[in-house]
Amino acid sequence: MAVTDPQHSVTDAAEDCNTPPPVQRVAGTEPRVCGEVPRTHKTLRALSSAALALPGLASSVQATAAMERQWDLGYFNYVEGGARMRVEGLKQGLVLPLGEALELRVNGVRDTISGASPIYNVPVIRCRDGRVFTAPVISVSGASGNPQSGGPPPERPPLNTGECRLSSAQQVLLEDTFQDVRTAGDFKLDYTRGDTILGLGAGVSQERDYDSRFLALDLRRAFNDKLTTLALGYSLAADTFSPLNRPGFSGDKDAHQFLLGLTQVLSRNDLLQINLTLGDDRGYLSDPYKNVYLLATNTAIEESRPDRRRQWNLLARYNHYFAELKAALHLDYRYSWSDWGIEAQTLEAAWIQPLGQGWQLVPRLRYYTQGEADFYRSYFETLPSSGDYSSDYRLAGFGALSGGLKLTRQLSAQARLDLGVEFYDRQSDYGLQGHTESTFADYGFTLYSLSLHLEF
């Protein structure tokens, strides 16, 4: 996700199922979303939005080629409910036109992450005599994420005797001592010739336990009197995971993404965009900080995911400009399916309303629903024969409502100030697809952002 859009980055990260700590990749290089359209590489997204400029919407979309040098500086603060994760970040972006045909974009971001993250779930056992057990209660050491499993596992009452039974589940969190810093940077160079733009991008991201590098290519071609734009894109990310709780171990992952997009101007005030993307991840796709509880042995063990995932995504986007209101409506629908068995849908709407005297207000609402992965259970009685098992709440079935408000003030012809706030509410009951109950994993977050845009 582009570092200039923390709201969308964090919302996506909340549903990300292929990264370590839940928000460790906030505004990151390219975490993948379980069911939602994968966070297509920023280069691919840039080309997807390039033809979205409608009358009155110039400030809300990314122009194909900037005519002025631009500098963006932003700060965001992310806080999860229940005293869980907290993230603060600073970001910068620079756009440099290099003559008539070349344009260079450079981005950088630095995040600090701290707090507690769910590691696994334990069943809650209720007995007729009023006793309640959540064994095993295992303390987990700070950043290492290592369960302290020395000695025999805690005792639990016998089940299936009519006296005690399994009821719900409860999350076990990493202690509130986790801290990390992420530093990331990327660039993109666009070359324009006639109605064709060729883009090349690359970037790196580094944390204590996670390194990522990516390369991206894209091609945009306008025809039909520039009313139609065809986009093709490819990106490759190579990631290395060196978990702190497993000294001497490292896992590698390659992520390929392909994009085919078509943008069509329907009228002076209407625009339609269709994007189809395919993601193919191979390598170490498990999260070493996630465990599963095994009822048969009364212990927690490391999760195990398949070493390959393919995910197809379809995005349909419609924009309409209301000339009488000088406002615009953006509608997005996304459908996603992966061979991990996760099917997801997203519906999002935004209203862009100029208020006069340089003010602009952008309210946004979003609904997301996903089914659970084939190998997800809140806990396991015995290990499945497939060898794949996970209790990561991001692989569960659930729904989420989110929304936000962004207020923009044009300070001068060269300066603009943006202030944004976003909420997110994840609920098991919001999900449309059939899934096992996961209300124990419900949570929410709030995100505040402030950014300054300059042209010079």
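**View A. A salt bridge between Arg-131 and Asp-129.** In this predicted model, the side chains of Arg-131 and Asp-129 meet in a salt bridge, with 2.7 Å from nitrogen to oxygen. Side chains of opposite charge can pair in this way when their charged atoms come close. The two partners can be described by how much of each is accessible: Arg-131 has a relative accessibility of 40% and therefore counts as partly exposed, while Asp-129, at 52%, counts as exposed. Across the whole structure, the count of salt bridges comes to 26.

**View B. A buried network of charged side chains around Asp-392.** Arg-305 forms a salt bridge with Asp-392, and the closest N and O atoms of this pair are 2.7 Å apart. Arg-305 lies in the loop between strand 16 (299-302) and strand 17 (308-322), whereas Asp-392 lies in the loop between strand 20 (359-370) and strand 21 (398-410), so this salt bridge ties together parts that are 87 residues apart in sequence. Are these two residues buried or exposed? Arg-305 is buried, because its relative accessible area is 6%, which falls under the 20% limit for that class; Asp-392 is buried as well, with a relative accessible area of 1%. Asp-392 also meets the side chain of Arg-394 in a salt bridge, with 2.6 Å between N and O, and Arg-394, like Asp-392, is buried. Salt bridges that share partners join Asp-287, Glu-303, Arg-305, Asp-392 and Arg-394 into one network.

**View C. Strands 17, 18 and 19 and the turns that link them.** Strand 17 and strand 18 (residues 327-338) run antiparallel and are joined by 12 bridges, and within this pairing Tyr-321 stands opposite Ala-328 of strand 18. The two strands form a hairpin with four residues between them. On its other pairing, strand 18 meets strand 19 (residues 343-356), again in the antiparallel sense, over 10 bridges, and here Leu-329 stands opposite Trp-351 in strand 19. Strand 18 and strand 19 also form a hairpin with four residues between them, and Gly-341 in that turn has a positive phi of about 95°.

**View D. The disulfide between Cys-127 and Cys-164.** How many disulfides does a search of the whole structure find? The search finds one, and it is formed by Cys-127 and Cys-164, whose sulfur atoms are 2.0 Å apart. Cys-127 lies in strand 4 (residues 118-127) and Cys-164 in strand 8 (residues 164-173), so the link ties together parts that are 37 residues apart in sequence. With 105° about the S-S bond, the link is right-handed. Both ends of the disulfide are buried, Cys-127 with a relative accessible area of 10% and Cys-164 at 6% relative accessibility.

**View E. Positive phi values at Asn-224 and Lys-326.** Asn-224 has a phi near 55°, which is a positive value in a residue other than glycine. Asn-224 lies in the loop between strand 11 (210-223) and strand 12 (228-241), where it is partly exposed, with a relative accessible area of 43%. Lys-326, found in the loop between strand 17 and strand 18, likewise has a positive phi near 55° although it is a residue other than glycine. Lys-326 is exposed, because its relative accessible area is 56% and the exposed class takes in values over 50%.

Terms used. Residues numbered from 1 in each chain as written. Predicted model: local features only at pLDDT ≥ 70, side-chain atom pairs only at ≥ 80, totals over all residues. Heavy atoms only, no water. Salt bridge = Lys/Arg side-chain N within 4 Å of Asp/Glu carboxyl O. Buried < 20%, exposed > 50% of the residue type's maximum accessible area, 1.4 Å probe, protein only. Pairing = 2+ DSSP bridges. Disulfide = S-S within 2.5 Å.
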